[in-house]
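Student: I have a model open and would like to talk through its side-chain pairings with you. Could we take them one group at a time?

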Amino acid sequence: MLNLSIFAERLDSLLFDAKLNPPAFAKILGCGRATINRYLSGTKMPTVEMTVRMADYFQVSTDFLLGLEEENHAKFFCPYIPFRERLPQLCKKFNITKYQLQKKTKIPESAIYNWQAGRTNPTIESVVRIAEALQCTVDCVLGRETEFHL
């Protein structure tokens, strides 16, 4: 389960360690200053793509950034691929159908269908639910971990 305040604290700590202020970080990520401020105040969760961009910038796992792991386990991360491509890889790797995934995660069938068709992308909350259901990391779900990249 995601906790916005833990994510906000992690991000604030990473910014402090990097000696970056929110406006400078917003410029690096190509987003608005207000977006970073909402993340830091714990009022907004980033998109999957923004989460990956932040994790890549700080060279941390998405699980660490989101507060799902206590320590960052430094490793090489594969580039993020669109979720419509990753979803069939996950199903194959974990020997699960999209229907079974939907039942385990209680994510609406229409959402999974739209991800598969490339119409929408999952929220970071949905990705965390998938990781919990598959008993793996968020980085695994996103295809960033080398040992799980197909």
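Student: How many salt bridges does the count come to?

Tutor: Happy to help! This is a predicted model, where local features need pLDDT of at least 70 and side-chain atom pairs count only at pLDDT 80 or more, while totals for chains, interfaces and linings use all residues. Residues are numbered from 1 along each chain as its sequence is written, and side-chain values use heavy atoms, with hydrogens and water left out. A salt bridge here is a side-chain nitrogen of Lys or Arg within 4 Å of a carboxyl oxygen of Asp or Glu. By this rule, the count of salt bridges is three.

Student: Which residues are linked in a network of salt bridges?

Tutor: Start from Arg144, whose side chain meets that of Asp56 at 2.5 Å, N to O. The side chain of Arg144 also meets that of Asp139, at 2.6 Å, N to O. The network therefore consists of Asp56, Asp139 and Arg144.

Student: How many residues apart are Arg144 and Asp56?

Tutor: Arg144 is buried, at 0% relative accessible area, and Asp56 is partly exposed, at 40%; buried means under 20%, exposed over 50% and partly exposed in between, with a 1.4 Å probe and protein chains only. Arg144 sits in the segment after α10 (138–141) and Asp56 in helix α4; helices (H or I, at least four residues) and strands (E, at least two) are DSSP runs, numbered from the N terminus. This pair links distant parts of the chain, and the separation in residues is 88.

Student: Arg10 and Glu70 also meet in a salt bridge. Is Glu70 buried or exposed?

Tutor: The N to O distance of that pair is 4.0 Å. Arg10 is in helix α1, and Glu70 is in the loop between α5 (62–65) and α6. Arg10 is buried, with a relative accessible area of 14%. Glu70 has 65% relative accessibility, so Glu70 counts as exposed.

Student: Over the face of which ring does Arg10 lie?

Tutor: A charge sits over a ring if NZ of Lys or CZ of Arg is within 6 Å of the ring centre and within 35 degrees of the ring normal. Arg144 lies over the face of Phe77, at 4.2 Å from the ring centre. For Arg10, at 4.2 Å from the ring centre, the ring is that of Phe64.

Student: What kind of aromatic pair do Tyr57 and Phe58 form?

Tutor: Rings of Phe, Tyr and Trp (its six-membered ring) pair if their centres lie within 6.5 Å; planes under 30 degrees apart count as stacked, over 60 as edge-to-face and the rest as tilted. The structure holds five such pairs. With centres 5.1 Å apart and planes at 85°, Tyr57 and Phe58 are therefore edge-to-face.

Student: Which helices hold Phe83 and Trp115?

Tutor: Phe83 and Trp115 are edge-to-face as well, at 5.5 Å centre to centre and 90° between the planes. Both count as buried, with Phe83 at 1% relative accessibility and Trp115 at 3%. The two residues are 32 apart, in helices α6 (83–93) for Phe83 and α8 (109–117) for Trp115.

Student: Within what arc do the buried residues of α3 fall?

Tutor: The buried residues of α3 (33–41) are Thr35, Ile36 and Tyr39. The arc is that of the directions from the helix axis to the C-beta atoms. These residues line one face of the helix, because seen down the axis they fall within an arc of 95°.
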